[in-house]
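Please work through the exercises below with the sequence and the model open beside you. Each task is followed by a solution that goes step by step.

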Amino acid sequence: MAMFRRSINEQDNETAEEVTLLRTEFGQELRAGLAELRGLNTDLRQQLGTRLESGLQDVRDELRELHRELNDVHKTITEARRESESLRLELETARRQAAEARTELPGGGAEDPSPPVVASVPAAVHMITAQPPALDDQDPSDSEPQVQASMLASQWTLDSVLEQAAGVSAADLICHRDAWAFIVEQGARNAHFRVPGLATSGDDAEQTNVTLSGRTLIAVLSALHTTQHSQATSREDRALASTYYSRIASVITDALPSQGDATRTRIVIDDRPPASTEQ
């Protein structure tokens, strides 16, 4: 019996040793596996960080390249705008020169701005205001001096109006949108014309109210005067130019130096019938 008990105790001890050994081996294997997993995770993190940094660097390089290309495009656009502005100025100069060429005197001679010609203006004005002879009795050779005198007197009047307009700081022009479009079309031919800012509505929905500088007024008056006396333009254009020129010039010539609290010059191109009075 004692031998049997001893055998069982020995078996229990062996089993306990085997369990302890298994636990030890399992713990070692588990620690080794965890260490290997940690190493793999570290490697993966390093690889991911390297690849991410490389990808970000590529993105940074592409962004820098795009930035350089955008700068080049901006420079190209700026240069194109400068060329367009230069072409616009050249076109305006060419138009102005063409307009001046159309105002040359009959026979090819240009207007002579010398003092002797200006001195003869009163006589030219007298010739204009005098009653013209009948067409049947008029000598064709006598018409050319009268035309020259008329143009010289008109030029003398224009110079006076332009000098008056040069002293205007700003003037409000109120007219129909179509009238303003015609004035812009004519004024754009002069190098001193500057397109005003945003136009606002006038007294009604069809009117336009724009503020013109003295320099722009000079350009508008000069261009309208040229169209008014040019035989190369249609009579409709001459009628419009003559009316608008006279309205603007009449207001400008009445303008006086501002004392600080005076009302700004106001030009209105709008003829209306008189208001009817009810009985």
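The exercises that follow treat one pair of helices and then several salt bridges.

The model is a predicted one, in which local features need pLDDT of at least 70, side-chain atom pairs count only at pLDDT 80 or more, and totals for chains, interfaces and linings use all residues. Residues are numbered from 1 along each chain as its sequence is written, and side-chain values use heavy atoms, with hydrogens and water left out.

**Exercise 1.** Describe how the axes of helix α6 and helix α7 are placed relative to each other.

Solution. Begin with the elements, helices being DSSP runs of H or I with at least four residues, numbered from the N terminus: α6 covers residues 214–228 and α7 covers residues 235–253. Next, take the axes, which are lines fitted to C-alpha atoms over the stretch in contact, with angles from 0 to 180 degrees between N-to-C directions; the two axes come within 8 Å and cross at roughly 140°. Angles under 35 degrees count as roughly parallel, over 145 as roughly antiparallel, 65 to 115 as roughly perpendicular and the rest as oblique, and α6 and α7 are therefore oblique to each other.

**Exercise 2.** Identify residues that make the contact between α6 and α7, and sort the contact by class.

Solution. With contact meaning heavy atoms within 4.5 Å, α6 contributes residues including Leu 217, Leu 221 and Leu 224, while those of α7 include Ala 241, Tyr 245 and Ile 248. For the classes, Ala, Val, Leu, Ile, Met, Phe, Trp, Tyr, Cys and Pro count as nonpolar, Asp, Glu, Lys and Arg as charged, and the others, Gly among them, as polar. The contact then has 10 nonpolar, four polar and two charged residues.

**Exercise 3.** State how many salt bridges the model has, and examine the pairs of Glu 53, Arg 64 and Glu 65.

Solution. A salt bridge is a side-chain nitrogen of Lys or Arg within 4 Å of a carboxyl oxygen of Asp or Glu, and the count comes to six. Glu 53 pairs with Arg 60, their closest N and O atoms being 3.7 Å apart. For Arg 64 and Asp 61 the corresponding separation is 2.3 Å, and these two residues, three apart in helix α1 (residues 2–102), are separated by about one helical turn. Glu 65 pairs with Arg 68 at 2.4 Å, again three residues apart in α1.

Finally, consider accessibility, where buried means under 20% relative accessible area, exposed over 50% and partly exposed in between (1.4 Å probe, protein chains only). Glu 53, at 42%, is partly exposed, as is Arg 60 at 36%.
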